[in-house]
Amino acid sequence: MKRTICILLAVVLLLSLAACSSGNANSGKQTASAYLDQESDAAIEVTVDLSGGWSVEFVRGAVYLYDSEITGTNEGVAMLITLDKEVYEEDLAAAMADGNHKEADGGVFYTYYEDEMGYLTSLNDSAYVLITANKANIEAVVARFTLSLAN
């Protein structure tokens with residue numbers, strides 16, 4: 001009887017582990033997803049590709065991306081924040097005025113601050129996002145984020 005219970009517990013444990021690991025895989029990628037609050041009632045679902053040892057921290061209205069495990073001493077590589085429409089429109093006007101801006105993937109890459117680049121995008125003209133990262137890897141970092149409107 002004890003042996004049967006042990007076997008059943010082992011099977012349940014293995015099935016639980018398999019379910020947990022398959023829920024975090026997306027086409028062979030390690031991913032994490034969360035909904036970000038948006039004041040305009042348009043919640044944004046953010047999925048982040050964590051393949052290669054990346055880590056993510058979700059905070060209300062923001063996402064912090066790290067290129068390694070999160071510790072108390074390392075700083076994030078990128079930050080994603082939601083914007084209200086007025087701030088988005090002001091930032092977009094500034095981005096378009098930047099001589100180095102580049103339109104791609106439904107958004108605009110531009111010089112955000114000294115060594116940082118920004119990427120502005122909107123989803124269905126109801127939700128607005130800014131991603132900031134180092135100039136050298138902004139496009140690769142932005143490619144790690146998949147954005148969609150929550151239903």
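Let's start with a charged pair: the side chains of Glu139 and Lys102 meet in a salt bridge, with 2.8 Å from N to O. This pair links distant parts of the chain, since Glu139 sits in helix H3 and Lys102 in strand E7 (residues 102-104), 37 residues apart. Neither partner is hidden away entirely: Glu139 is partly exposed, with a relative accessible area of 41%, and Lys102 is partly exposed too, at 38%. Keep in mind as you look around that this is a predicted model.

How many salt bridges turn up in a search of the whole structure? The answer is two. Besides the Glu139 and Lys102 pair, there is one between the side chains of Asp49 and Arg144, at 3.8 Å from N to O. Asp49 belongs to strand E3, while Arg144 is in the loop between H3 and strand E11 (145-149), so this bridge ties together parts that are 95 residues apart in sequence. Are Asp49 and Arg144 buried or exposed? Both are buried, whereas Glu139 in the other bridge is partly exposed. As a general point, side chains of opposite charge can pair when their charged atoms come close.

Arg144 also gives us a way over to strand E2. Thr31 has its place in that strand, and the C-alpha atoms of Thr31 and Arg144 are 9.3 Å apart in space, with their positions 113 residues apart in sequence. Thr31 has a relative accessibility of 9%, so it counts as buried.

Now step back for the overall layout. The protein has three helices and eleven strands. Going along the sequence, you meet them in the pattern α-β-β-β-β-β-β-α-β-β-β-β-α-β. Of its 151 residues, 34% count as buried.

That brings us to the nonpolar interior. In soluble globular proteins, nonpolar side chains tend to be buried together. Here, the largest nonpolar core has 26 residues, and the ones touching the most other members are Val46, Val48, Val63, Leu65, Leu80, Val141 and Phe145. Which elements give two or more residues to this core? They are strands E2 (29-36), E3 (44-49), E5 (62-66), E6 (78-83), E9 (116-123) and E10 (127-134), along with helix H3 (138-142). E10 provides the largest share, four residues. Notice that strand E3, home of Asp49, is on that list of contributors, and so is H3, where Glu139 of our opening bridge sits.

A couple of loop residues are worth a stop as well. Val77 is in the loop between E5 and E6. Its relative accessibility is 19%, and because buried means under 20%, Val77 counts as buried. The C-alpha atoms of Val77 and Ile138 are separated by 9.6 Å, though the two residues are 61 apart along the chain. Lys135, for its part, is found in the loop between E10 and H3, and at 40% relative accessibility it counts as partly exposed. The C-alpha of Lys135 is 5.1 Å from that of Met117, a residue 18 positions away along the chain.

Next, some backbone oddities. Most residues other than glycine have a negative phi. Asp105 has a positive phi of about 55° although it is not a glycine. You'll find Asp105 in the loop between E7 and strand E8 (107-113), and with 71% relative accessibility it counts as exposed. Asn124 does something similar: it is not a glycine either, yet its phi is positive, about 60°. Asn124 is in the loop between E9 and E10, and it is exposed, with a relative accessible area of 69%.

Finally, take a look at charge on the outside. Which residues form a negative surface patch? They are Asp84, Glu86, Glu89 and Glu90. One of them, Glu86, is found in helix H2 (residues 85-97).

Definitions and conventions: Residues numbered from 1 in each chain as written. Predicted model: local features only at pLDDT ≥ 70, side-chain atom pairs only at ≥ 80, totals over all residues. Heavy atoms only, no water. Patch = residues over 30% accessible without salt bridge, like charges linked within 9 Å, V, L, I, M, F, W, Y side chains within 5 Å. Areas by Shrake-Rupley, 256 points an atom, 1.4 Å probe, with all protein chains shown as cover. Salt bridge = Lys/Arg side-chain N within 4 Å of Asp/Glu carboxyl O. Lys, Arg positive; Asp, Glu negative; His and termini not counted. Charge placed at Lys NZ, Arg CZ, Asp CG, Glu CD. Core = buried A, V, L, I, M, F, W, Y, C linked by side-chain atoms within 4.5 Å. Buried < 20%, exposed > 50% of the residue type's maximum accessible area, 1.4 Å probe, protein only.
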